[in-house]
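Reader: I'm new to this, and I'd like to learn how to read a protein model. Could you walk me through one?

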Amino acid sequence: MTDLLLIAQSADSHLQTLPAPAGILNPRLLLGGAALLVTGLLFLLYFYRRRLYIRFWILAWTLSAVSPFLIAHRFTSYKANDAMYGLSQFVGILSALVFVISADAYRTSPRLQRGYGLVLLPVLIWFTLAPVGLGTRVVHAPGHLMIAACFTAAGLAYLALTRHTRMLGAAVVGTVMVVLAGANASWAFGGQGSAGLSDRATFLNLALYLAMALGMQLMTFEDMTYELRVTNRRLESAQGELRELVTRDALTGCRNRRFFEDVISREIQRHRRYGIPLSLLFIDVNRFKAINDSLGHEEGDRVLQRVAAFLVRNVREADYVFRWGGDEFLILISCRLGAAERKAGELKNVFAASETATLPQGVGLSIGCAEVTPDAPDILAVIKAADERMYREKRGE
């Protein structure tokens, strides 16, 4: 971002504009002062956010302020004025380049290589020395075109950033940069204009300064909001994972007693409010202690895993399978007692037919059933009733 508009008035070193009349504010000073004001605001934002892209904004706006200041004072020597004009154009190119880098710095740390300086060095020499011998025409159009190209790249980068982040501030910044690119292209081929045109261009530049500064302010606060949303999503995901760890049995993958305590009150409320039938199946693995003692705990763990997988496969998704402790499982099922007893018989028969061939001899299921009645005083009493019926079945009573 450079004066870009006011200094384009001179065709060569003999056609320099005169100093502003006494009492009238130099438009170049006005433009540079506005850029410095934006730089100060960005410093405040950086102390608050400390993001890398804001540092590049500060550098770019500082260069934007330096560019018009270089030609705010008219020297008595035409060659000095011409050299300052070329240097001002070069600083404007640097400013636009830094804006390009700032777009990349939003997502990652740009890798600035030493070769970039070697490329810019001959450009600096040309823009500083060529106007002294050949006049400002030789740097006027190239300078504006290079600035226009940089602003085009920066604007497109910020507009692309808008697609990923949905930030209105990035869209404003990108749009203003594209407008600045178009303005610089028109100034490159516009030749010299009248003083009135120069004043209008100055105020146009000031308006664009203001719009881009507001866009950057908005983008910074949107970035903070976006960061908070991402952090909240990660926190929710971590909480979900932690909840899974806390409420799921590590060995069998079934829900554990902690999860049972979380869901049972809700299920009982639904049962009482809507009349949804609810029953419990208390399951014990036959000969599990003998397997642990004779074959070892690893084989016992394998048996529990096979039983758990079988139970999960053979109940509805709406029902719950819990590992109650040791070799005991609990199924919370939506049905009456008669249906629960039929389901228990089905589970025992299917398990005996499909699973026992690959398990140690004598492994089977004993199941006791109990219905949760509307007047049941305590769910633990229902579990105890199912447990007692399971033991009566195991004893063959």
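Author: Here is a walk through salt bridges, a helix, cysteines, two single residues and the nonpolar cores.

Author: First, some ground rules: this is a predicted model, where local features need pLDDT of at least 70, side-chain atom pairs count only at pLDDT 80 or more, and totals for chains, interfaces and linings use all residues. Residues are numbered from 1 along each chain as its sequence is written, and side-chain values use heavy atoms, with hydrogens and water left out.

Reader: Okay, salt bridges. How many does the structure hold?

Author: A salt bridge is a side-chain nitrogen of Lys or Arg within 4 Å of a carboxyl oxygen of Asp or Glu. The structure holds 16 of them. Take Asp-223 and Arg-49: their closest N and O atoms are 3.0 Å apart. Asp-223 sits in helix 7 (residues 195–247) and Arg-49 in helix 1 (residues 27–49), so to speak of distance along the chain, the pair links parts 174 residues apart. Helices here are DSSP runs of H or I with at least four residues, strands are runs of E with at least two, and both are numbered from the N terminus.

Reader: Is Asp-223 buried or exposed?

Author: The cut-offs go like this: buried means under 20% relative accessible area, exposed means over 50%, and partly exposed is in between (1.4 Å probe, protein chains only). Asp-223 has 2%, which means buried, and Arg-49 is buried too, at 13%.

Reader: Which residues are linked with that pair in a network?

Author: The network of salt bridges takes in Arg-49, Arg-51, Asp-223 and Glu-227. Glu-227 and Arg-51 meet at 3.4 Å, N to O. Glu-227 belongs to helix 7, while Arg-51 is in the loop between helix 1 and helix 2 (52–70), 176 residues away in the chain. Glu-227 is partly exposed at 36%, whereas Arg-51 counts as buried at 19%.

Reader: Where do Asp-249 and Arg-323 lie?

Author: Those two form a salt bridge of 3.3 Å, N to O. Asp-249 is in the loop between helix 7 and helix 8 (257–274) and Arg-323 is in strand 2 (residues 320–325), so their salt bridge ties together parts 74 residues apart in sequence. Both residues are buried.

Reader: Now helices. How do I read helix 5?

Author: Start with the general idea: an α-helix has 3.6 residues a turn, so residues three or four places apart point the same way. The expected span of a helix is 1.5 Å times one less than its number of residues. Helix 5 (residues 137–165) has 29 residues and reaches 42 Å from first C-alpha to last, close to the expected 42 Å. Just after helix 5 comes Arg-166, with a positive phi of about 60°.

Reader: And cysteines: why does Cys-254 make no bond to Cys-369?

Author: A disulfide is a covalent bond between the sulfur atoms of two cysteines. The cut-off used here is a pair of cysteine sulfur atoms within 2.5 Å. The sulfur closest to that of Cys-254 is in Cys-369, 17 Å away, and that's too far for a bond. The structure holds 0 disulfides. Cys-254 is buried at 3%, and Cys-150 is buried at 11%.

Reader: Which side chain does Glu-355 join in a polar contact?

Author: A polar contact is a pair of N or O atoms within 3.5 Å; within protein, one must be able to donate a hydrogen and the other to accept it, and residues adjacent in sequence count only if both atoms are side-chain atoms. For Glu-355 the partner is Arg-306, at 2.9 Å. Glu-355 lies in the loop between helix 11 (337–354) and strand 4 (365–371) and is buried at 6%.

Reader: What is Trp-324 in contact with?

Author: Contact means heavy atoms within 4.5 Å. Setting aside neighbours within four places in sequence, the contacts of Trp-324 include Phe-260, Phe-282 and Ile-383. Trp-324 is in strand 2 and buried at 11%.

Reader: Last one: which residues touch the most other members of the largest nonpolar core?

Author: A nonpolar core is a set of buried Ala, Val, Leu, Ile, Met, Phe, Trp, Tyr and Cys residues joined through side-chain atoms within 4.5 Å. Of the 50 residues in the largest one, Trp-57, Trp-61, Phe-99, Met-177 and Met-212 touch the most other members. Helix 2 gives the largest share, 10 residues. A second, separate core of 27 residues includes Val-285 and Cys-369.
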